[in-house]
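The following exercises are to be worked with the sequence and the coordinates at hand. Each task is followed by a solution in steps.

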Amino acid sequence: MGTSKWLARWMALSALLAMPLWGHAQDVQGRNLAASCAACHGTDGNSAGGMPPLAGQNKGLIVRAMREFRSGSRPATVMHQLAKGYTDAQIETIAGYFAAQGKPSDGGPPYSTY
Ligand code: HEC
């Protein structure tokens, strides 16, 4: 096998190996960012005590709510302040993480209306 052929194979293989790692890194990043929401919205977005749940909520709706909180167009007590700390990319990552979380078997508390 010539060096360039070997190199091409090696590169294809390392690209394949890197893909799951990339997915994993995204997941960890989402979990880390989402951890700052857990204090109020519950572990993995399964909230208790009247807080709106985020687990299993539609990703697009979470993104929209966060942008509206950030711009001030959506009424809020604390989320205005919090939403200002996140970039669009971080909001996407957080929303994707919560959307992928399962609801508890009893269905959990209802989502508030958007
Ligand atoms: C200090 C408590 C607190 C923290 C921390 C917090 N939230 Fe909230 N969140 C609230 C409250 C309270 C509301 C209801 C709106 C309001 O009064 O601000 C809310 C509402 C929301 C809503 C709208 C849900 C709906 O169904 O109307 C979304 C989406 C949301 N939060 C996302 C997040 C995300 C993402 C994070 C982490 C980056 C986060 N929140 C962190 C308290 C919190």
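**Exercise 1.** Does Ala76 count as buried, exposed or partly exposed, given its C-beta neighbours inside 10 Å?

*Solution.* The model is a predicted one.
- Step 1. Locate the residue: Ala76 belongs to the loop between α2 and α3.
- Step 2. Count its neighbours: Ala76 has 15 C-beta neighbours inside 10 Å.
- Step 3. Apply the cut-offs: a residue is buried at 20 or more such atoms and exposed at 12 or fewer. Ala76 therefore counts as partly exposed.
- Step 4. Relate the residue to a distant part of the chain: Trp6 is 70 residues away from Ala76 along the chain, and their C-alpha atoms are separated by 58 Å.

**Exercise 2.** Describe the shell around the ligand by its residues, its helices and its classes.

*Solution.*
- Step 1. The ligand is surrounded by 19 residues. Ala76 is among the closest, together with Cys37, Cys40, Pro52 and Thr77.
- Step 2. Assign the shell to helices: at least two residues come from each of α1 (3-41), α2 (59-71) and α3 (79-83). The most is given by α1, with five residues.
- Step 3. Sort by class: the shell comprises 15 nonpolar and four polar residues, and no charged residues.

**Exercise 3.** Characterise the packing of α2 against α4.

*Solution.*
- Step 1. Choose the quantities: two packed helices are described by the angle between their axes and the distance between the axes.
- Step 2. Read them off: the axes of α2 and α4 (residues 88-99) come within 8 Å and cross at roughly 140°.
- Step 3. Classify the angle: because of this crossing angle, α2 is oblique to α4.
- Step 4. Give the hand: α2 and α4 form a right-handed crossing.
- Step 5. List the contact: α2 contributes Lys59, Ile62, Val63, Met66 and Arg67, while α4 contributes Ile91, Glu92, Ala95, Gly96, Phe98 and Ala99.
- Step 6. Sort the contact by class: seven residues are nonpolar, one is polar and three are charged.

**Exercise 4.** Examine Asp44, Gly45 and Asn58. Which of them have their C-alpha distance to Phe98 stated, and what are the values?

*Solution.*
- Step 1. Place the residues: the loop between α1 and α2 holds Asp44, Gly45 and Asn58.
- Step 2. Assess burial: Asp44 is buried, since 22 other C-beta atoms lie within 10 Å. Gly45 is likewise buried, with 26 other C-beta atoms within 10 Å. Asn58 has 13 C-beta neighbours inside 10 Å and so counts as partly exposed.
- Step 3. Inspect the backbone: most residues other than glycine have a negative phi. For Asp44, phi is near 55°, a positive value in a residue other than glycine.
- Step 4. Answer on Phe98: Gly45 lies 6.2 Å from Phe98, C-alpha to C-alpha, although 53 residues apart in sequence. For Asn58 and Phe98, 40 residues apart along the chain, the C-alpha separation is 8.5 Å.
- Step 5. Add the contacts: beyond its neighbours within four places in sequence, Gly45 is in contact with Pro53, Leu54, Ala55, Phe98 and Gln101.

**Exercise 5.** Is Asn32 buried or exposed?

*Solution.*
- Step 1. Asn32 is part of helix α1.
- Step 2. There are 12 other C-beta atoms within 10 Å of Asn32, so this residue is exposed.
- Step 3. Asn32 and Lys103 are 71 residues apart along the chain, with their C-alpha atoms separated by 19 Å.

Definitions and conventions:
Residues are numbered from 1 along each chain as its sequence is written. This is a predicted model: local features need pLDDT of at least 70, side-chain atom pairs count only at pLDDT 80 or more; totals for chains, interfaces and linings use all residues. A residue is near a molecule or strand if its C-beta atom, placed from the backbone, lies within 6 Å of it. Helices (H or I, at least four residues) and strands (E, at least two) are DSSP runs, numbered from the N terminus. Ala, Val, Leu, Ile, Met, Phe, Trp, Tyr, Cys and Pro count as nonpolar, Asp, Glu, Lys and Arg as charged, and the others, Gly among them, as polar. Axes are lines fitted to C-alpha atoms, for helices over the stretch in contact, and angles run from 0 to 180 degrees between N-to-C directions. A crossing is left-handed if the near helix is turned anticlockwise from the far one by less than a right angle, and right-handed if clockwise. Two residues are in contact if their C-beta atoms, placed from the backbone, lie within 7 Å.
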